[in-house]
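Here is a short, friendly tour of one protein chain, from its overall make-up to its nonpolar interior and surface. Have the model open beside you as you read.

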Amino acid sequence: MEILNRDGDIERFELLEVLSFDSVRRRMSVIVRSTTGEIYLFCKGADSSIFPRVIEGKVDQIRSRVERNAVEGLRTLCVAYKRLVPEEYEGVCGLLQAAKVALQDREKKLAEAYEQIEKDLILLGATAVEDRLQEKAADTIEALQKAGIKVWVLTGDKMETAAATCYACRLFRRGTQLLELTTKRIEEQSLHDVLFELSKTVLRCSGSLTRDHFSGLSTDMHDYGLIIDGAALSLIMKPREDGSSANYRELFLDICRNCSAVLCCRMAPLQKAQIVKLIKFSKEHPITLAIGDGANDVSMILEAHVGIGVIGKEGRQAARNSDYAIPKFKHLKKMLLVHGHFYYIRISELVQYFFYKNVCFIFPQFLYQFFCGFSQQTLYDTAYLTLYNISFTSLPILLYSLMEQHVGVDMLKRDPSLYRDIAKNALLRWRVFIYWTFLGLFDALVFFFGAYFMFENTTVTSNGQMFGNWTFGTLVFTVMVFTVTLKLALDTHYWTWINHFVIWGSLLFYVIFSLLWGGIIWPFLSYQRMYYVFLHMLSCGPAWLGIILLITVSLLPDVLKKVLCRQLWPTATERTQARNQCLSVEQPTVFMLSQTSSGLSF
């Protein structure tokens, strides 16, 4: 071990003991022996951990410099030392050895030993390091706030350093009024008085602010910002003397709900996890996401619903314990506001479309039992029963759930507020699910009874032949396959050649399969009940008219609902879609004008 002294000379030391860093002590020490045989203990750590253990040194001067550097946004550490005589060092070694070999409560005994050793120090000085923000970190946080996402910063830095960083990353703004819930203020007033005073302050103005329905945030974003330190959080999380489990947590959460941003400084790793757990199990049950880049963020990442690790200079512990790993903080914007948006739109359509198309598939079979004397006669042929979910309707929704982009990527990046349209599980609520279910029931009724009333006059063909049960079921199945596929086509906004190939190809495959299945006598089948059924049905003019009318009537309510909602109650996403469509229509005219002005056209 080498140390550069004041004279610029390098002194060599022998490393004897290492008192490892932990988040509770917030410091680390080493015991070394110089070439002359002198033994020293060097200790570095946060100023709140070093100053109470110092008995000598320029404490006031260094404290003022530390505070000034912290206000400037620099990360500070204090360094202290003490000299150990040989007898004292032997006592230290015995104390450490007894704690290390303890079979029970080893960590507790080590902590007690470190506490006894790291005292009566002489203050050497302090260090200040600039902790630069990553590229576009401020833009990312600003975009998250515009998207209605509540952003909390949990850090182990000093309050002044953390506050300066929050201003730099635009979490706090010039118009943000900062509220402090710190140990210094609690010493002047009781915790009860401080909490109720803050509660009155934020709740008094919350009624006059226009608040967003989804996020609960003030729409002008110039709201309150709360700063709390680790010691104050410990008092809040501590149960009352009467054994009450709620204590001050709900009051603290009420204050935080009415603040646009929250800064938690001087946080131990376990306290970060406590904060995440407190939010996760609050009455709103929000989805929590934790992002960090160091080993001290692992407990927070594991506690959140979704954990993201940033791979950087702090190591890979956070990335190894996370659900997703990203190289830069700026990638969080695209990950959430673009890919997360697309994923939610796709998965919500996928889930509800599967319910819808299977309601359309099963409910006519249920209705058919009332007309066949509950004889368990199937409405559809066995091949149709097997291939409905496997071949006829599977690929269109698969491609939709992989490729759908209801709004362009660039638009989602430019306008983060579009994310609010899917906030609080907006597309998977009971109201939306019930709409899809009733739409499926309505379409199933149209399929079945529309075909039933058409078949009421059994001699519908020109030659007087009657349609049978298998023709009836095939007609219902044909209308159903076309309706559920065209329903997905109506919901598709991002058309590529793959979508066209899959959607129209699925319908074409159904027609070709039905022609082959009913046009050939298959030698491996003991029954030939579908022979010439599909061809016989298509040879009848009323059957063609019935198919077209039933498909139109089935899709009409959904089309009317889409048109009316877009005209009367459009969402931000729908307004953006309409604006893009208008621009795409006007674009050729602009192109022709530019060509004319350049003299290239006549």
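The report below starts with the whole chain, then turns to the cores and a surface patch.

**The whole chain.** Please keep in mind that this is a predicted model. The protein chain holds 23 helices and 14 strands. Of its 602 residues, 44% count as buried. Among contacts with a separation of 6 or more, 68% join residues that lie 24 or more positions apart. The accessible surface of the protein chain is about 32600 Å², and carbon and sulfur atoms account for 59% of that area.

**Inside.** In soluble globular proteins, nonpolar side chains tend to be buried together. Two nonpolar cores are set side by side here:

| Core | Number of residues | Residues to look for |
|---|---|---|
| Largest nonpolar core | 75 residues | including L171, Y380, Y384, F392, F472, F477 and M480 |
| Second, separate core | 36 residues | including V194, V202, L226 and C264 |

The residues named for the largest core are those with the most contacts inside it. Helix α14 supplies the largest share of this core, 12 residues. If you would like one residue to zoom in on, try F472: leaving aside residues up to four places away in sequence, F472 touches Y368, L379, F448, A451, Y452 and F455.

**On the surface.** Which residues form a nonpolar patch on the surface? They are F366, F370, F371, F374, Y452 and F453, and together they have about 670 Å² of accessible area. One of them, F370, sits in the loop between α14 (331-368) and α15 (382-392). Y452, another member of the patch, is also among the residues that F472 touches.

Terms used:
Residues numbered from 1 in each chain as written. Predicted model: local features only at pLDDT ≥ 70, side-chain atom pairs only at ≥ 80, totals over all residues. Heavy atoms only, no water. Patch = residues over 30% accessible without salt bridge, like charges linked within 9 Å, V, L, I, M, F, W, Y side chains within 5 Å. Areas by Shrake-Rupley, 256 points an atom, 1.4 Å probe, with all protein chains shown as cover. Salt bridge = Lys/Arg side-chain N within 4 Å of Asp/Glu carboxyl O. Helix = DSSP H or I, 4+ residues; strand = E, 2+ residues; numbered from the N terminus. Core = buried A, V, L, I, M, F, W, Y, C linked by side-chain atoms within 4.5 Å. Buried < 20%, exposed > 50% of the residue type's maximum accessible area, 1.4 Å probe, protein only. Contact = heavy atoms within 4.5 Å.
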